[in-house]
Amino acid sequence: MRLSRRALLAATTAATAFSSAPPASAAERHRPLRTGFERLAADGYALLAGRRVGIVTNPTGITRDARHIVDVMHADDRVNLIAVFGPEHGFRGTAQAGGSEGRYDDPATGLPVYDTYLKSGRPLADIFTASGVDTVVFDIQDVGARFYTYIWTLYDCMEAAQLAGKRFVVLDRPNPVTGRAAQGPVLHKEFATFVGRQPISQAHGMTVAELARLFNGEFLTAPVALETVLMTGWKRSEFYDTSGLPWVPPSPNMPTPDTALVYSGTCLFEGTNLSEGRGTTRPFELLGAEGVDGRWAAAVGELALPGVHFREAYFAPTFSKFQGKTIGGVQIHVHDRAAYDPVRTGIALLVTAKRVWSGFAWRSDNWIDKLTGSTQVRTAIDAGAGPDEVVAGWREELAAFRATRREYLLYR
């Protein structure tokens, strides 16, 4: 089925506009990094000429000098920007986790802002139709983890654009934790939710343009008319701080690129009764609970995981789990990010927390299964498996995903 589907996509390239912006010239490849938006603007927005444009974005959709691209495009007569579509946390980023801004008119531009959060399929297609756009543009900074919802906003919007007969353009940005490799368990379809619609690995190691091509080629029932504007000057081995771009928190609890570095592993603690550090200045780097002491840091430290140290830590979250209470746990200190494996580290932290703290429990709704994509991690840890045994449980599925992923990579 996959081969015939790919053959169909290849045969219908011209008809569906399944293409990317022109490849970078030799001179462009040696320039500093330029985002998809920067290349689009430098080309005079030719890709959007004569189109009624709507854009899916949030506070991360900014220029190198920290202006929002909606403000820039709205002020440019070469773009007919008529609508904005906001994801979780909203277009201007005023909502906390699990919230959005609803439908309103943006005070800065007067543009109508439509809410996409938790909308998909025909209802989202109807929003695109009602907005009057013929081209939907996507530009949001991702963090590289399957359970970060913006990539599923991308997926849902692609599906809805296809249903509504709209053209879809993805403006690429760096994967802040590199695009070196895919890591972690692969989602099983029966566990699909908004923190994982399709079977990709927990740390996918792709950019949003690469993911868009993967979604179009592997998962959408019918491909959308997709175009991607690629970056120039980005290498798969590069972390965000080499980009020269300002960091804007993609969500309230993703304050720095350091948070993104650990997130694809320690977000698993959302599936437990321990704090994942929300309500602190170091979310996902601080983990803990009442009754946890220095034995946890000692136990995980004895595993000698590559690239990371663990410090006994005490903290009082200002909101979320254990609000206002001083709790004990660990702080993660990554000292060699090239050697660090966030997913294996997250598993090792779960295993050792369960061993040293008698109060350890999974969330009663087994949310951990939605985060990891199956029951395998939870049941293996409950059976007493060590980190290496847990990781071995997804090895074959990960190898299969890596082979599929390889066909959609766009950068070296």
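The second largest pocket of this predicted model has a volume of about 440 Å³. Its lining is made up of 26 residues, and of these E88, A97, Y263, E270 and R278 lie nearest the centre of the pocket. When the lining of the second largest pocket is sorted by class, it has 14 nonpolar, six polar and six charged residues.

One of the residues just named, Y263, also belongs to an aromatic cluster, which it forms together with F147, Y148, Y150 and F284. Aromatic rings meet elsewhere too, for a search of the whole structure finds 16 aromatic pairs. Among them is the pair of W234 and Y411, which is edge-to-face, with 5.3 Å from centre to centre and 90° between the planes. Because W234 lies in the loop between β10 (225–229) and α9 (257–266), while Y411 lies in the segment after α15 (395–406), this pair ties together parts that are 177 residues apart in sequence. Both W234 and Y411 are buried. Another edge-to-face pair is formed by F360 and W362, with 5.0 Å from centre to centre and 85° between the planes, and here again F360 and W362 are both buried. A ring can also meet a charge, as happens where the charged end of R103 sits over the ring of Y114, at 4.9 Å from the centre of that ring.

From the rings we can turn to enclosed space. A search of the whole structure finds one cavity of 30 Å³ or more, and the largest cavity holds about 50 Å³ of space. The residues that line the largest cavity are T60, I62, Q141, R173, Y240, L245, P246, W247 and V248, and by class this lining has six nonpolar, two polar and one charged residues.

A separate contact in space involves P59, which is placed in the loop between β2 (53–57) and α5 (69–74). Although P59 and P249 are 190 residues apart in sequence, they are 7.8 Å apart in space, taken from C-alpha to C-alpha. Is P59 buried or exposed? Its relative accessible area is 19%, and since buried means under 20%, P59 counts as buried.

Burial can also be followed along whole elements. In helix α8 (residues 208–219), twelve of the twelve residues are buried, including the charged residues E210, R213 and E218 as well as V208, L211 and F219. Strand β11 (residues 286–289) is covered on both faces, with L286 and G288 buried on one side and L287 and A289 buried on the other. This strand is joined by four bridges to strand β13 (residues 327–334), and the two run antiparallel. Within this pairing, L286 of β11 stands opposite Q331 in β13.

Finally, two residues deserve a look for their backbone angles. Y45, found in the loop between α4 (36–42) and β2, has a phi near 60°, which is a positive value in a residue other than glycine. S320, in the loop between β12 (308–315) and β13, likewise is not a glycine and has a positive phi, of about 70°. As for their surroundings, Y45 has a relative accessibility of 1% and therefore counts as buried, whereas S320, at 36% relative accessibility, counts as partly exposed.

Note on methods
Residues numbered from 1 in each chain as written. Predicted model: local features only at pLDDT ≥ 70, side-chain atom pairs only at ≥ 80, totals over all residues. Heavy atoms only, no water. Phe/Tyr/Trp six-rings, centres within 6.5 Å; stacked < 30°, edge-to-face > 60°. Buried < 20%, exposed > 50% of the residue type's maximum accessible area, 1.4 Å probe, protein only. Lys NZ or Arg CZ within 6 Å of the ring centre and 35° of its normal. 1 Å grid on protein atoms, 1.4 Å probe; cavity = no way out; pocket = protein on both sides within 12 Å on 5 of 7 lines; lining within 4 Å. Points joined across faces, edges and corners; volume = space filled by probe spheres on them. Pairing = 2+ DSSP bridges.
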